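Reader: I keep running into labels in structure write-ups and never know what they rest on. Please take me through a few of them, values and cut-offs included.

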Amino acid sequence: MVSQLNPQHCGNLTLPVPMYRNVVNIFSLNCWPYSHIAASRWFIPKNVFPLSGSLWTNIKNKRCGELMPIRQMHFLLLLSRQGKLRLQKWFTPVTEREKKKVTREMTLMVLARPPHSCNFLLWRDLKIVYKRYASLYFCCGLEDQDNELLTLEVLQRYVELLDKYFGNVCELDIIFNFEKAYFILDEFLVGGELLETSKTAVGIAMEEAETLQETMEEYMSKPTY
Amino acid sequence: MSPSVRLQEMIRVIRGARTQGEERGVIQRECAAIRAQFRQADNGTRSHNLAKLLYVHMLGYPAHFGQMECVRLIASPRYNEKRVGYLGAMMLLDEKQDASLLITNSIKNDLSHSSQYVQSLALCTLACMGSAEMCRDLAPEIDRLLRASNSYIKKKAALCAVHMVRKVPELGELFTPAARSLLSEKNHGVLHGAVVLITELCERNPDTLEQFRKAVPELVLMMKGLVMSGYSPEHNVAGISDPFLQVRILRLLRILGRNNDTASDAMNDLLAQVATNTDSSKTAGSAVLYETVLTVMDIKSESGLRVLAVNILGRFLLNNDRNIRYISMTSLQKIVQTDHNAVQRHRGTIVDCLKDQDASVKRRALELSLALVSAVNIRSLMKELLLFLSSCPPELRAHTTSGIFNAAERYAPSQRWHIDTILHVLTTAGGDVRDETVPNLIQLITTATELHCYTVHKLYRALITDISVQSLVQVACWCIGEYGDLLLRGECEETEPVQVTEDDVLDALETVLQSHMSSPATRGFALTATMKLSTRITHNVDRIRSIVSIYGSCIDVELQQRAVEYNALFKKYDHMRAAVLERMPVIDKSSPGHTNGESAGGTIKELEPTKLTQEIVFPQEPSNQVCDLLDLLGGSGEPFQPSPSLSSTAPGPASSTAGGDLLDLLGGLDVTPAPPSVTVYEKNGVTLKLQTDTQTDTGMTVTLTATNSTDGDITGLTLQAAVPKSVQLQMKAPSGDVIPAHGLGQVTQTVLLNNPNKVSLKIRVRVCYTSQSSVCQDTVQIDSFPSTAW
């Protein structure tokens with residue numbers, strides 16, 4: 001399977017062939033290959049261990065995760081009860097069309113779940129962890145290797161951070177101050193991984209960053225670019 | 001001054017719009033205003049406008065004209081503008097956009113900015129959407145930041161390095177030394193980032209893995225510190241001190257300890273301690289325990305620890321929280337192959353979970369139950385599964401039916417039980433079974449000779465109740481056609497006989513023929529059954545003759561062809577009719593035991609060269625006996641040719657075999673004697689044979705058969721295979737992993753190969769087994785294949 005690269009971006013680069021070709025091509029570097037996932041299932045046999053030797057393709061046993069790179073969260077979406085998107089963070093490169101499609105499917109799937117049901121779903125080779133807080137559904141797409149229970153804790157922590165910053169956060173706060181919500185998220189999750197585990201550090205960082213926000217006089221006195 | 005005032009005004013206006021059209025109008029006006037503003041000289045409102053644009057983008061409207069503005073804002077010296085600019089870059093730009101390359105320089109400058117918050121903006125953006133090119137350019141900067149900066153920046157740089165390694169794996173070597181030194185930090189954020197980075201490096205490069213194995217004691221100490229530490233308000237979550245870091249450390253330990261005894265030994269105590277001391281009443285504790293269990297199962301842990309881990313999973317199964325039950329079943333699924341008995345102990349609870357309301361839990365419970373089926377518990381478990389089938393959600397039905405069939409196939413205690421089970425499934429969920437169920441069931445019925453009477457009575461009853469389930473109707477028609485005389489005789493030991501007359505039977509068949517619910521294949525079955533009855537009944541032969549001649553002008557070509565041929569059988573070839581339509585001989589499957597994989601001598605498959613389909617078993621290989629009959633017509637061999645499966649792929653072959661191209665059919669049948677099998681490995685009494693079967697011009701099926709001529713059973717047999725890069729390989733499940741002694745049985749495993757580039761095919765097979773309690777492992781390379789290869 002050849003990973004599909006936009007030739008304009010390749011330029012003179014030859015991208016290195018990743019070590020685990022068949023597997024990495026599923027999550028290939030330049031595109032969101034959901035369409036590849038169905039095909040790539042075919043390529044991964046059970047009962048096969050990688051044999052050393054450069055001639056041979058390394059075939060992974062997908063079930064026991066032997067030598068499969070542990071990846072990160074793929075996306076985090078906040079959906080309202082009416083199905084509107086309130087926040088979206090994508091940690092892998094995805095086209096606009098694909099984003100819309102995924103968002104639509106998530107909305108359909110997650111909003112249809114009855115209350116008190118299990119918070120974990122399987123969708124298209126990803127695990128989906130969702131949690132409902134008041135009128136918002138927080139929805140995460142995870143890799144097969146990730147720990148779902150921990151992700152629930154991550155979502156809980158994010159809500160607590162929002163709560164602390166906004167003071168009794170509700171959906172309207174997130175709607176009208178969405179850029180703040182993003183800033184807080186960027187202090188908490190980076191590249192799909194957790195950045196800060198301390199409860200207080202994120203709040204402190206936000207406060208300090210706010211002090212850097214200039215007043216109007218300072219603003220106009222700085223030279224523009 | 002925050003950019004939010006005017007932004008909030010706009011948001012209010014948009015939300016106030018009552019219809020979609022109104023909203024679109026508002027947004028179009030705003031976007032026009034924003035575009036105009038972008039073109040103007042700077043007036044202090046650029047960041048507001050971009051923020052407005054980002055809101056509009058989140059609602060789903062196009063916002064690509066903001067990309068260049070993002071680039072401009074990122075380069076601005078004002079912090080406000082930079083912040084919004086970077087946010088815009090993360091939302092609007094990704095590595096596919098050309099504009100993303102333009103921000104590389106700005107990021108580079110910002111990485112050396114005096115303010116750490118500006119640095120952090122750059123790092124965050126780079127980690128979110130940095131392309132491979134940008135990563136290569138900026139890697140040295142990140143390395144510098146990893147070493148010499150404050151902890152706020154170090155933790156961000158660590159995650160940025162993780163992103164870079166994912167994009168460009170060679171950069172791993174650059175970051176390895178820095179990563180090592182980060183492990184001695186005190187700040188939890190930095191530690192967490194360091195552990196993530198090291199995990200990523202070790203996953204990608206086995207040499208780095210070796211290097212970091214030396215860090216295992218350090219990690220163990222770190223983890224112990226976390227577990228034993230007192231209450232820390234900053235990191236405490238429900239009584240667990242920093243569960244996030246604990247889980248990541250456990251995951252890293254898992255990778256380091258895998259397949260390595262020394263590292264695993266170093267961790268044993270720690271894992272036992274964590275497993276016993278962690279309080280699992282809340283999710284955080286359960287998350288840590290879960291990760292511990294996964295780690296224990298993956299490394300070479302001692303058996304006591306494994307038992308502890310399985311017990312934890314068992315405890316999780318009884319938990320009230322659905323999430324915890326779900327993940328415990330997920331983990332049990334992973335270990336059911338290796339620790340089968342341990343999981344069997346919890347079978348009762350798992351089966352109870354089948355009745356849970358939640359669909360995710362049901363799915364997990366189903367998969368686990370299917371994995372737990374064994375010869376001992378087949379009857380009770382099958383009862384539960386059949387109960388589940390009647391109430392299961394529609395998306396799980398197909399999976400359930402195929403699972404039930406596989407289990408029944410492997411462990412059926414008696415033929416009658418097997419037939420009953422299949423019939424039960426067909427009546428409950430006949431619409432969701434696979435196509436090859438019909439031929440499989442027919443083959444099963446023919447082999448159970450003493451049960452013909454019983455079967456035909458049951459099927460007749462099912463037929464007169466309901467003719468909507470196609471698979472059931474097809475089997476019923478076939479049986480009635482074949483064993484109609486037993487039905488009419490009106491006596492049966494096994495079940496209460498039903499008193500029918502020939503007219504009743506013919507009425508039933510005719511209903512099927514005329515019903516609009518019947519598919520064309522089903523009608524074909526019914527017509528042929530009617531025809532077969534002409535030799536088994538005495539009085540109503542004229543009725544049959546008239547039915548057959550009516551269908552001679554049927555619109556459906558398949559039916560018409562059959563009817564015309566049967567008509568000919570009545571007229572010109574009446575003297576042969578009895579011989580042609582006599583009772584079928586017992587059909588046997590050529591491969592032992594299971595429906596997975598293809599039988600080595602698949603003859604009728606030659607007629608479908610189209611695609612490499614899995615698991616088509618054509619148990620009717622009436623090649624020898626039917627050949628004579630085929631001399632005349634497509635013959636009575638046709639009706640149970642699995643027309644559903646054939647018609648799903650190519651209607652052509654089905655109708656052509658119905659008598660049109662006799663010569664092709666006979667030619668097809670002649671071609672394959674069983675393909676030669678080559679012995680590729682022979683040692684310690686274990687013989688491995690290889691048999692090839694070319695399906696298409698690039699695809700091939702290889703069957704590996706293992707036999708054992710020693711005095712003791714060979715257990716734990718596993719076969720692994722590797723092929724050259726351009727060849728694609730798919731291995732099916734083996735028929736078992738125990739080879740009985742003295743050549744009494746064998747294990748087969750099918751491998752599907754696809755060689756689109758037609759490279760010379762080599763396959764390397766590794767055989768592992770336990771013989772007389774010693775483990776043997778051998779590798780065999782096969783360079784040349786028997787003649788059916790390319």
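Author: Let's begin with exposure: a residue is buried under 20% relative accessible area, exposed over 50% and partly exposed in between, using a 1.4 Å probe and protein chains only. This is a predicted model, where local features need pLDDT of at least 70 and side-chain atom pairs count only at pLDDT 80 or more, while totals for chains, interfaces and linings use all residues. Residues are numbered from 1 along each chain as its sequence is written, chains are lettered from A and ligands numbered from 1 in the order in which they are written, and side-chain values use heavy atoms, leaving out hydrogens and water.

Reader: What makes His116(A) exposed?

Author: Its relative accessible area is 72%, and that is over 50%, so the label is exposed. His116(A) sits in the loop between helix H4 (96-111) and strand S3 (120-123) of chain A. Its phi is positive, about 60 degrees, although His116(A) is not a glycine.

Reader: And why is Ala238(B) called partly exposed?

Author: Ala238(B) has a relative accessible area of 40%, which falls between 20% and 50%, so it gets the in-between label. Ala238(B) also has a positive phi, near 50 degrees, without being a glycine. You'll find it in the loop between strand S1 (236-237) and strand S2 (240-241) of chain B.

Reader: How do you know that Leu145(B) counts as buried?

Author: Leu145(B) has 2% relative accessibility, which is under 20%, so buried it is. Leu145(B) belongs to helix H9 (residues 132-147) of chain B. Leaving aside residues up to four places away in sequence, it touches Leu111(B), Gln119(B), Leu123(B), Ile153(B), Lys154(B) and Ala157(B); a contact here means heavy atoms within 4.5 Å. The C-alpha atoms of Leu145(B) and Ser112(B) are 9.0 Å apart, with their positions 33 residues apart along the chain.

Reader: What counts as a helix or a strand, anyway?

Author: Both are DSSP runs, numbered from the N terminus: a helix is H or I over at least four residues, a strand is E over at least two. On that basis chain A has nine helices and seven strands, and chain B has 37 helices and ten strands. Of the 225 residues of chain A, 60% count as buried; for the 790 residues of chain B the figure is 60%.

Reader: At what angle do H22(B) and H23(B) pack?

Author: Helix H22 (residues 359-372) and helix H23 (residues 378-391) of chain B pack at about 150 degrees, with axes 11 Å apart. That is over 145, so the two are roughly antiparallel; under 35 degrees would be roughly parallel, 65 to 115 roughly perpendicular and the rest oblique. The axes are lines fitted to C-alpha atoms, for helices over the stretch in contact, and angles run from 0 to 180 degrees between N-to-C directions.

Reader: Which residues of H22(B) and H23(B) meet?

Author: From H22(B) come Lys362(B), Leu366(B), Ser369(B), Leu370(B) and Leu372(B), and from H23(B) come Leu381(B), Leu385(B), Phe388(B) and Ser391(B). By class, that contact has six nonpolar residues, two polar and one charged. The classes go like this: Ala, Val, Leu, Ile, Met, Phe, Trp, Tyr, Cys and Pro are nonpolar, Asp, Glu, Lys and Arg are charged, and the others, Gly among them, are polar.

Reader: How many aromatic pairs turn up, and what makes two rings a pair?

Author: A search of the whole structure gives eleven over all chains. One of them is Phe138(A) with Tyr158(A), edge-to-face at 6.3 Å centre to centre and 75 degrees between the planes. Phe138(A) is in strand S5 (residues 136-142) and Tyr158(A) in helix H5 (residues 148-166) of chain A, so the pair ties together parts 20 residues apart in sequence. The rule for Phe, Tyr and Trp (its six-membered ring) is centres within 6.5 Å, with planes under 30 degrees apart called stacked, over 60 edge-to-face and the rest tilted. The 6.3 Å is within the limit and 75 degrees is over 60, so edge-to-face fits. Phe138(A) and Tyr158(A) are both buried.

Reader: Why is the pair of Tyr117(B) and Tyr152(B) called tilted?

Author: Their centres are 5.2 Å apart and their planes 55 degrees. That angle is neither under 30 nor over 60, so it lands in the rest: tilted. Tyr117(B) is in helix H8 (residues 116-129) and Tyr152(B) in helix H10 (residues 151-167) of chain B, 35 residues apart. Both Tyr117(B) and Tyr152(B) are buried.
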